[in-house]
Amino acid sequence: MRTSIFTTVLLALLTLVSCNSEPSLQKYFVQNTDNKDFIAVDVSSNILNLDKAKLSAEQNEALKSFDKMNILAFKADDKNQAQFETERAKVKAILKDPKYQELMKVGSGKDGASISYVGSDENIEEFVVFANRKENGFAVVRVLGKNMNPNNIMTLMSVLQKSKIDMEQLKPLQQLVNTNK
């Protein structure tokens, strides 16, 4: 009897400890993926449509470090400015967590963008781009990979210029850039 009570209490404690209630970008994405006010797109590395045989060893290594991108966008309009401010504040609060190391910030006031990363300088797990503009809304882009580093990212940028991007995967984002709903 004592053993079963002890086991039950231990399991309950482990469950409570393992449930992290802190907000995270991943949780934010999951919570809002099916929300009608958001546009969510997952983009795999095959969007680039590259001939890997034509890439250098360095370019192939950079491409291997990239897994996917998750994009979550909120389209602002005259009717949802309060919700826009609330959602933008949530994202900003998440990005203030010390695990998100800010690389760069552009803009001022209510419009702008930031680039942050998770991991160490030589082993980046995630890059996060957060861009917002009061008139348009905001977008959060998570670039996920393994063993990414700044050199890989720069190399990947050069590879992007050679790619024939599969626009079909980006189709849901057209809603965000179109001014008419």
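Two residues are in contact when heavy atoms of theirs lie within 4.5 Å. Among contacts in the protein chain between residues at least 6 apart in sequence, 64% join residues at least 24 apart. The model discussed here is a predicted one.

**The chain as a whole**

The chain has 181 residues, of which 35% count as buried. Its secondary structure comes to 6 helices and 6 strands. Read from the N terminus on, the elements run α-α-β-α-β-α-β-β-β-β-α-α.

**Two helices with a buried face**

Helix α2 covers residues 25-32, and Leu25, Tyr28, Phe29 and Asn32 are buried in this helix. Seen down the axis of α2, these buried residues fall within an arc of 100°, so they line one face of the helix. Val30 and Gln31 are exposed on the other side of α2. What do the buried residues of α2 pack against? Their partners are the strands β1 (38-44), β2 (66-75), β5 and β6 (137-148), together with helix α4 (81-95).

Helix α3 can be described in the same terms. Its buried residues are Gln59, Ala62, Leu63 and Ser65. Seen down the axis of α3, they fall within an arc of 160°, so they line one face of this helix. On the other side of α3, Ala57 and Lys64 are exposed.

Ser65 belongs to helix α3, which spans residues 57-65. Its relative accessibility is 5%, and because buried means under 20%, Ser65 counts as buried. Leaving out residues up to four places away in sequence, Ser65 touches Leu144, Gly145, Lys146, Asn147, Met148 and Asn152.

**Residues in and around strand β6**

Asn147, one of the residues that Ser65 touches, has its place in strand β6. Is Asn147 buried or exposed? Asn147 is exposed, with a relative accessible area of 52%. Phi of Asn147 is near 55°, a positive value in a residue other than glycine. Most residues other than glycine have a negative phi.

Glu126 sits in strand β5, residues 123-133. With 9% relative accessibility, Glu126 counts as buried. Which side chain makes a polar contact with the side chain of Glu126? The partner is the side chain of Arg142, at 2.7 Å. Residues up to four places away in sequence set aside, Glu126 touches Leu25, Tyr100, Ser116, Tyr117, Val118, Arg142, Val143, Leu144 and Met148. Leu25 in this list is also one of the buried residues of α2.

Lys68 lies in strand β2. Lys68 is partly exposed, with a relative accessible area of 38%. Apart from neighbours within four places in sequence, Lys68 is in contact with Val43, Ser44, Arg142, Val143 and Leu144. Arg142, Val143 and Leu144 are also among the residues that Glu126 touches.

The table sets out the accessibility of the residues treated one by one.

| Residue | Element | Relative accessible area | Class |
|---|---|---|---|
| Ser65 | α3 | 5% | buried |
| Glu126 | β5 | 9% | buried |
| Lys92 | α4 | 37% | partly exposed |
| Lys68 | β2 | 38% | partly exposed |
| Asn147 | β6 | 52% | exposed |

**Pairs separated along the chain**

Lys68 and Ser45 are 23 residues apart along the chain, and their C-alpha atoms are separated by 5.6 Å. Lys92 and Phe130 are 38 residues apart along the chain, with 8.7 Å between their C-alpha atoms. Lys92 has its place in helix α4 and is partly exposed, at 37% relative accessible area.

**The second largest pocket**

Lys92 and Phe130 appear again in the lining of a pocket. How much space lies in the second largest pocket? The space is about 310 Å³. This pocket is lined by 19 residues, and the closest to its centre are Lys92, Glu102, Lys105, Ser114 and Phe130. Helix α4 and the strands β3 (101-108), β4 (111-120) and β5 each supply at least two residues of the lining. By type, the lining of this pocket divides into 5 nonpolar, 7 polar and 7 charged residues.

Definitions and conventions: Residues numbered from 1 in each chain as written. Predicted model: local features only at pLDDT ≥ 70, side-chain atom pairs only at ≥ 80, totals over all residues. Heavy atoms only, no water. Helix = DSSP H or I, 4+ residues; strand = E, 2+ residues; numbered from the N terminus. Buried < 20%, exposed > 50% of the residue type's maximum accessible area, 1.4 Å probe, protein only. Polar contact = N/O pair within 3.5 Å; in protein donor to acceptor, adjacent residues only side chain to side chain. Arc of directions from axis to C-beta. 1 Å grid on protein atoms, 1.4 Å probe; cavity = no way out; pocket = protein on both sides within 12 Å on 5 of 7 lines; lining within 4 Å. Points joined across faces, edges and corners; volume = space filled by probe spheres on them. Nonpolar A, V, L, I, M, F, W, Y, C, P; charged D, E, K, R; others polar.
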